[in-house]
Structure formats: structure tokens, C-alpha cells
Amino acid sequence: MVEFDDIFRRQLRELFVWRRDVRRFRTDPLPDGAIARLIETACLSPSVGLSQPWRFVTVDDAARRRAVIEDFKACNADALNAYAGERAARYAALKLSGLEQAPSHLAVFADKASDIGHGLGRATMPETTEYSVVAAITAMWLAARADGIGLGWVSILNPDRIHDTLDVPQSWKFIAYLCIGYPEAECDQPELEQAKWEYRRGANEFTLRR
């Protein structure tokens, strides 16, 4: 059995503290094999019934990337219209994606039609397929940060249009579009907190005792 000492545990906590949703990237490319290694780490994640439902799509084609960027701009404009007054002004000032700067784009899907795992654990909670993919993304996020690589999750996108743009099977559900590259700067505080959009609350605010 592998044992981890106090030094490792402290460093692991620091990894959690310094993990950020990155929106500001340098444009220089990642080393060869970096994305493949991150995907390999993601695939070590737990999954319901060992179904391994994650599907990764590296997006290198310039036309497809441009379509994703245009979709983000349209969705972001719609989102801005949902706010008013000072909140709208704050929203407009936020940088919410690194799509145009990040050297690597990675789309992540959940294959809901896969028979891997033989349906174990999904009869009562089929959404655990998607949860498994999110767990894999979290593992990738931490592994990237440990390598000094930034990862940003872009959620202001239309899933149907992204599905069509990337031409993937209909059974795949869009989970995340990730920008990956070296961050311009590192910080232990979320960017949205720095921008005074929201602040991080303590665990006690989210914990019930029964």
C-alpha cells in the first residue's frame, strides 16, 4: 500500500488552492504530448460501473475553432442581456473565455449509449454518466496545474451548435469545452472574486448536519 506523508498532503492542498479557471493565456504552444498525458490522467478517474464514458475531442481545425468562438460571442451577448444596471456593466467587463489565445482546445463529451460497464449503477441515477465525466475533467484540471498548465472551462456555448460544429455521434452529450495553455499569470484567488462578481464562501455555509 502506498503511503503519503504530511509534506505530500500539504502540497496536495496547495494544488487545490492554486487551481484556477484560467481565461488569460500565453499563445505559445504546449510541449508535444502534453494534451495526451492530461487525457491519460483524466482516464484514471472513477466512473459509474467502470463505464469510462468520457470522450475527448481535440479541436485543431481553424474553421471549427472560429465557429466555436463565434458561438461563444453570440451566447455571451444573450447572457449580457439577462442583466441590467451595475450588474450588466460588471458582466460586460469580465473576461469569460480564453478561446482566442489558448493554444489548445479540448471538447469533452459523455457517451450515454456506451454499453461499457453493462449499465451498472445507472438504472436509478443515469446522470452519473455525466458526473463521471466531470470527475475526469477535475482530475485533468489538477494534473494540468501541477504541470504549470492552465485550464479554462467555457460554458457560455450552445451545446447543439457545438455538437454540430465538431461532428460527433448523436449519443454523445456535450459536457465541457476546455481552453488549455500556459497562463499569463498565477494567482491563488478566483478571477471572479478579484473582479468582485462573487466571493468564495466557507464550507460551513454548504454543510447540513442531521
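**View 1. Helix H2 meets helix H5.** In this predicted model, Leu 38, Ile 39, Thr 41 and Ala 42 of H2 touch Ala 136, Ala 139, Met 140, Ala 143 and Ala 144 of H5. Sort these contact residues by class: eight are nonpolar, one is polar and none is charged. H2 covers residues 34-42, and H5 covers residues 128-146. Their axes come within 8 Å and cross at roughly 135°. An angle over 145 degrees would count as roughly antiparallel. H2 and H5 are therefore oblique to each other. The crossing is right-handed.

**View 2. Ser 132 in helix H5.** Stay on H5, which also holds Ser 132. Is Ser 132 buried or exposed? Its relative accessibility is 6%. Buried means under 20%, so Ser 132 counts as buried. Which residues does Ser 132 contact, leaving aside its neighbours within four places in sequence? They are Pro 46, Ser 47, Val 48, Pro 53 and Trp 54. Trp 54 appears again in View 4, where its bridge partner in S2 is Ala 110.

**View 3. A sheet of four strands.** Strands of a sheet pair through backbone hydrogen bonds, either parallel or antiparallel. Here the pairing is antiparallel. The sheet is open, and its strands follow the order S1-S2-S4-S3. Which strands lie at the edges? They are S1 (54-58) and S3 (150-154), and each pairs on one side only. Neighbouring strands are turned against each other by 30° on average, direction ignored. Helix H2 lies across S1, S2 and S4. H2 runs at about 170° to S1.

**View 4. Strand S1 beside strand S2.** These two strands pair in the antiparallel sense over five bridges. Follow two of the residue pairs. Trp 54 has Ala 110 in S2 as its bridge partner. Thr 58 has Leu 106 in S2 as its bridge partner. How covered is S1? Four of its five residues are buried, and S1 is mostly covered.

**View 5. Strand S2 beside strand S4.** S2 spans residues 104-111, and S4 spans residues 172-181. They pair in the antiparallel sense over eight bridges. Ser 104 stands opposite Ile 180 in S4. Leu 106 stands opposite Leu 178 in S4. Leu 106 is also the S2 bridge partner of Thr 58.

**View 6. Both faces of strand S2.** Look at one side of S2: Ser 104, Leu 106, Val 108 and Ala 110 are all buried. Now look at the other side: His 105, Ala 107, Phe 109 and Asp 111 are buried too. Why is S2 described as largely enclosed by the rest of the structure? Eight of its eight residues are buried, so the description fits.

**View 7. Helix H3 packs with helix H6.** Two packed helices are described by the angle between their axes and the distance between the axes. H3 (residues 62-81) and H6 (residues 159-166) pack at an angle of about 170°. Their axes are 10 Å apart. That angle makes H3 roughly antiparallel to H6. Which residues make the contact? H3 supplies Arg 64, Ala 67, Val 68, Asp 71 and Cys 75. H6 supplies Arg 161, Ile 162, Thr 165 and Leu 166. By class, this contact has five nonpolar, one polar and three charged residues. Set that beside the contact of H2 with H5, where no residue is charged.

Technical notes
Residues are numbered from 1 along each chain as its sequence is written. This is a predicted model: local features need pLDDT of at least 70, side-chain atom pairs count only at pLDDT 80 or more; totals for chains, interfaces and linings use all residues. Side-chain values use heavy atoms; hydrogens and water are left out. Two strands pair if DSSP finds at least two bridges between them. Axes are lines fitted to C-alpha atoms, for helices over the stretch in contact, and angles run from 0 to 180 degrees between N-to-C directions. Contact means heavy atoms within 4.5 Å. Buried means under 20% relative accessible area, exposed over 50%, partly exposed in between (1.4 Å probe, protein chains only). Angles under 35 degrees count as roughly parallel, over 145 as roughly antiparallel, 65 to 115 as roughly perpendicular and the rest as oblique. A crossing is left-handed if the near helix is turned anticlockwise from the far one by less than a right angle, and right-handed if clockwise. Ala, Val, Leu, Ile, Met, Phe, Trp, Tyr, Cys and Pro count as nonpolar, Asp, Glu, Lys and Arg as charged, and the others, Gly among them, as polar.
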